[in-house]
Amino acid sequence: MQLLKQRTESIELLVMRILNTRMELFLQDKRRYLNLEKGYQGEVIFDKLTVKLESDLYIINDLSLKVNNQVFQIDTLIISQETIFTMEVKNYEGNHYYDSKKDGFFTISNNEIKNPLDQLKSSKFLLRQLLQNIGKQFPVEGYVVFVYLEFTLYEARVNMPIIFPTQLNSFMKKLNQLSSKLNGRHLKVAEQLISVHRNISPYTRLPPYTYERVKKGLTCALCYSFSINIKGNKCVCSQCGHEEKVEFTMLRNIGEIKLLFPDRKVTTSAVYEWCNGVFPKKMVRRVLKANFISIGERHLRYFE
């Protein structure tokens, strides 16, 4: 197994995580953030299984592709000698059921949810179109993979392309037993798919926010609380006990400024204010000079 593209949090998730910590989100925005967080954690669970595969396979995580003006996303794509597998990973929990008459998925309280089989069918179709456009012919198989152990789907048909939590280990064994030997043809198609990956998803939806509305101060990298105390050269969270070097904490907070407000200049004063005056300006300036390019002089100086 060769991992050709690792999974990273989307820009939307990173921004929403910061906003959830630093401002009061509306209920619908809060729900979207929690869904993004839960979905990402589910994908990470699946990654921990695929990374153990020993067969000759290429794995590409988190692809956002476009074909014929349609954008589609693939959580995990696996290239074997004969077949390309596309995985739609879901981190649903609790009891659900499938209604064959309505061809839909429902919670046990009869609330309809987006049918993941429809998502899978669409992504398989569009992937075939994309492969055809780049002159590559591969059979495409796809599965919806449920990773949360306490998930149940009643009335599911046996022939559905679904991997349930209790089937994950046997599915990994099946992939490991594939007779697969990759060559330059497989690497070429993998590289072409990665090259057309879109970093920014058109589905990104961020709530309105301003610099003035977001709460300033240091947050914990682990539990996101503001309960940070400086002890020597470390920032220590009094809520969860997580420790982080002062410089790392400052750099992480500088990253938040750049992510949330890409048009604002990063200055010593801006970082000092964002960190709520916890670090002396002299220390802030030293860290900025050591890690960023200084532009301008004195009071006009900023860092990139």
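**Strand pairing and helix packing in the predicted model**

Strands β2 (residues 58-67) and β3 (residues 70-79) run antiparallel and are joined by 9 bridges. Helices (H or I, at least four residues) and strands (E, at least two) are DSSP runs numbered from the N terminus, and two strands are said to pair if DSSP finds at least two bridges between them. The structure is a predicted model, in which local features need pLDDT of at least 70, side-chain atom pairs count only at pLDDT 80 or more, and totals for chains, interfaces and linings use all residues. Residues are numbered from 1 along each chain as its sequence is written, and side-chain values use heavy atoms, with hydrogens and water left out.

Within the pairing of β2 with β3, Asn61 has Thr76 of β3 as its bridge partner. The two strands form a hairpin with 2 residues between them, and Asn68 in the turn has a positive phi of about 50 degrees. Strand β2 is also joined to β1 (residues 2-5) by 3 bridges, and these two strands run parallel; here the bridge partner of Leu3 is Ile59 in β2. Of the 10 residues of β2, 8 are buried (under 20% relative accessible area, with a 1.4 Å probe and protein chains only), so this strand is largely enclosed by the rest of the structure.

A further group of 3 strands forms an open sheet in the order β11-β12-β13, with antiparallel pairing. Strands β11 (228-231) and β13 (243-245) stand at the edges with a single partner strand each, so one side of each has no neighbour in the sheet. On average, neighbouring strands of this sheet are turned by 30 degrees against each other, direction ignored. Strand β12 (residues 234-237) pairs with β13 over 3 bridges, and Cys235 has Glu244 in β13 as its bridge partner. Helix α6 (residues 246-260) packs on the sheet and touches β11, β12 and β13, where contact means heavy atoms within 4.5 Å. The direction of α6 makes about 85 degrees with that of β13; axes are lines fitted to C-alpha atoms, for helices over the stretch in contact, and angles run from 0 to 180 degrees between N-to-C directions.

Helices α1 (residues 11-22) and α2 (residues 27-50) pack at an angle of about 125 degrees, with their axes 10 Å apart. The contact includes Leu13 and Met16 of α1 and Tyr33 and Leu36 of α2.

Definitions and conventions:
Buried means under 20% relative accessible area, exposed over 50%, partly exposed in between (1.4 Å probe, protein chains only).
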